[in-house]
Amino acid sequence: METNVQRIKQDIEQLAQFTATPKEGVTRFSFTPEDRAARNYIKDEMQRAGLAVSEDAAGTVIGRRQGQVEGPTVMLGSHFDSVKHGGAFDGTAGVVVAMEIARVLNEHNITTHYPIEFIAMIEEEGGRFGGGLFASRAMAGMVTEEELIGHCDEAGVSLAQAMREFGLDPANIKAAQRRPEELKAFFELHVEQGPILESEGTALGLVEAIVGLKTYQVKITGRPDHAGTTPIHMRADALLAASEVVQQVRQIARDVGGGAVGTVGKMEVLPGASNIVPGEVHFTVDLRSHRESALEELSQRFQAALKEACSKEEGLSYTLTTKLDAKPAQLSDQLRNVIAEEAKARGISAKTMISGAGHDTQIMATLTDAALIFVPSKGGRSHCPEEWTDYADLKKGADVLLGAVLAVAEGK
Ligand code: HGY
Ligand code: MN
Ligand code: MN
């Protein structure tokens, strides 16, 4: 039994049309018209594949296929929101492959022992509201009211308000929660977003661990002054302090080592004129490590550097908001072995690896046995319009996932 690469290709190309930045990559933020268009396409395809389609309280699309028993459920899917000017495959590839597997089971009229849910999650990237892994954290009961009202987009619209305007009730978020006993396994297929598989000519990555992430929003407040008349020793220059922190984030990651990374990816300088000393700077900090102790050390040292930088000039102050705090995750050896056997049986090469990107799988791993399969990314590129995965490679991952999901759903 195998998947249909033409249908996979068509789904990817169709979904790539639902973007706020046509010809400049995929920009599909949660609870936007692009989300609505993509969601409707996904729901239609799920219905056509014979699934009972619903949406949970967080906005995740769920297509359920009955089994011979009521539960526990085997779940597979990924996210369909994107970063700004992102690619057509990040997240979407896993949603499309899940839909295609549903079609194949339907065409072969297969009823598995356990039920299967095919899912399309939103706000994994945090592109609009800054948190991320939102839909899986809602399933794990980790979303707080504070986040719903406190995390806002660039227009100041809160997550809760956007949900309401989209037809969801944020007060009901707890209804999205799944209990561990409801779930048998969670599978996600995702593009690698790195160069390893392509450079080694290996078809699949069997992920054993996913990086932990701590992400922050920082606001440094100084004093906007005339750039010409304010003596250099009488300034409270917010950007000078921020640039000190940017340097330190890189240095701290280097010093902590062991694959630790730190990134300042977004910065806004206010009032933002060449002849005004910056009075306010907003920026993000993204810290990651596979080791929990190293992640903690990164965070402590970054916060000390922020405090130090804002003590260098009179009149500087800062606020620090945590946007995401996701622990590193060890994934299921048992599921990984099922996938490895399926790959071997199909003569498809595979290697065990770790993920430097965060994924919903790391949150789902707190609820049930979880597995993540990577397929190669061309040139290792992702989070850019150039992101690409050859459809033949995507099909290999889809076929192996089909076999593995069937094996687990049949209780083998
Ligand atoms: O940032 C990440 O690792 C993922 O793309 N959300
Ligand atoms: Mn991504
Ligand atoms: Mn992703």
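An oxygen atom of ligand 1 sits 3.1 Å from an N or O atom in the side chain of His383. This is a predicted model, so every distance here is computed from it. Taken alone, ligand 1 exposes 220 Å², and the protein buries 87% of that. His383 is also a good residue to remember, for its NE2 atom is one of the donors of the manganese ion (ligand 2).

**Around ligand 1**

- Ligand 1 is surrounded by Glu124, Glu125, Arg288, Ala357, Gly358 and His383.
- By character, this shell divides into 1 nonpolar, 2 polar and 3 charged residues.
- Arg288 has a side-chain N or O atom 2.7 Å from an oxygen atom of ligand 1.
- With Glu125, the partner on the ligand is a nitrogen atom: this atom of ligand 1 lies 3.0 Å from a side-chain N or O atom of Glu125.

**The manganese ion (ligand 2)**

- Which residues coordinate the manganese ion (ligand 2)? They are Asp90 (OD), Glu125 (OE), Glu125 (OE) and His383 (NE2), at 2.0 to 2.8 Å.
- Along the chain, the donors of ligand 2 follow the spacing D-x34-E-x257-H.
- Glu125 is in the loop between β4 (116–121) and α4 (134–139), and His383 is in the loop between β16 (370–375) and α12 (391–409), so this pair ties together parts that are 258 residues apart in sequence.
- Is His383 buried or exposed? His383 has 42% relative accessibility, so it counts as partly exposed.

**The manganese ion (ligand 3)**

- The protein donors of the manganese ion (ligand 3) are His79 (NE2), Asp90 (OD) and His190 (NE2), which lie 2.1 to 2.2 Å from the ion.
- These donors of ligand 3 show the spacing H-x10-D-x99-H along the chain.
- Asp90 bridges ligand 3 and the manganese ion (ligand 2), and the two ions lie 3.4 Å apart.
- Asp90 belongs to the loop between β3 (73–79) and α3 (92–107), while His190 belongs to strand β5 (residues 183–191), so the pair ties together parts 100 residues apart in sequence.
- Asp90 and His190 are both buried.

**A hairpin to find**

- Strand β1 (residues 52–55) pairs with strand β2 (residues 61–65) in the antiparallel sense, over 4 bridges.
- To see one of the pairings, look for Ser54, whose bridge partner in β2 is Ile62.
- The two strands form a hairpin with 5 residues between them, and Gly59 in the turn has a positive phi of about 105°.

**Backbone details in the loops**

- Gly71 and Pro72 are joined by a cis peptide bond with omega of about -5°; Pro72 is in the loop between β2 and β3.
- Another cis peptide bond runs from Leu270 to Pro271, with omega near 0°; Pro271 is in the loop between β10 (267–270) and β11 (276–277).
- Lys23 is not a glycine, yet has a positive phi of about 70°. Lys23 lies in the loop between α1 (5–15) and α2 (33–48), and is exposed with a relative accessible area of 89%.
- Phe31, in the loop between α1 and α2, has a positive phi near 60° and is a residue other than glycine. At 7% relative accessibility, Phe31 counts as buried.
- Gly257 lies in the loop between α8 (238–256) and β9 (261–263) and is buried, with a relative accessible area of 18%.
- The C-alpha atoms of Gly257 and Ala329 are separated by 19 Å, and these residues are 72 apart along the chain.

Definitions and conventions. Residues are numbered from 1 along each chain as its sequence is written. Chains are lettered from A and ligands numbered from 1 in the order in which they are written. This is a predicted model: local features need pLDDT of at least 70, side-chain atom pairs count only at pLDDT 80 or more; totals for chains, interfaces and linings use all residues. Side-chain values use heavy atoms; hydrogens and water are left out. Donors are N, O and S atoms within 2.8 Å of the metal (3.2 Å for Na, K and Ca); water is not among the atoms, so sites may look incomplete. Buried means under 20% relative accessible area, exposed over 50%, partly exposed in between (1.4 Å probe, protein chains only). A residue is near a molecule or strand if one of its heavy atoms lies within 4 Å of it. A polar contact is a pair of N or O atoms within 3.5 Å; within protein, one must be able to donate a hydrogen and the other to accept it, and residues adjacent in sequence count only if both atoms are side-chain atoms. Accessible areas come from the Shrake-Rupley method with a 1.4 Å probe; for residues, only the protein chains shown count as cover. Ala, Val, Leu, Ile, Met, Phe, Trp, Tyr, Cys and Pro count as nonpolar, Asp, Glu, Lys and Arg as charged, and the others, Gly among them, as polar. Two strands pair if DSSP finds at least two bridges between them.
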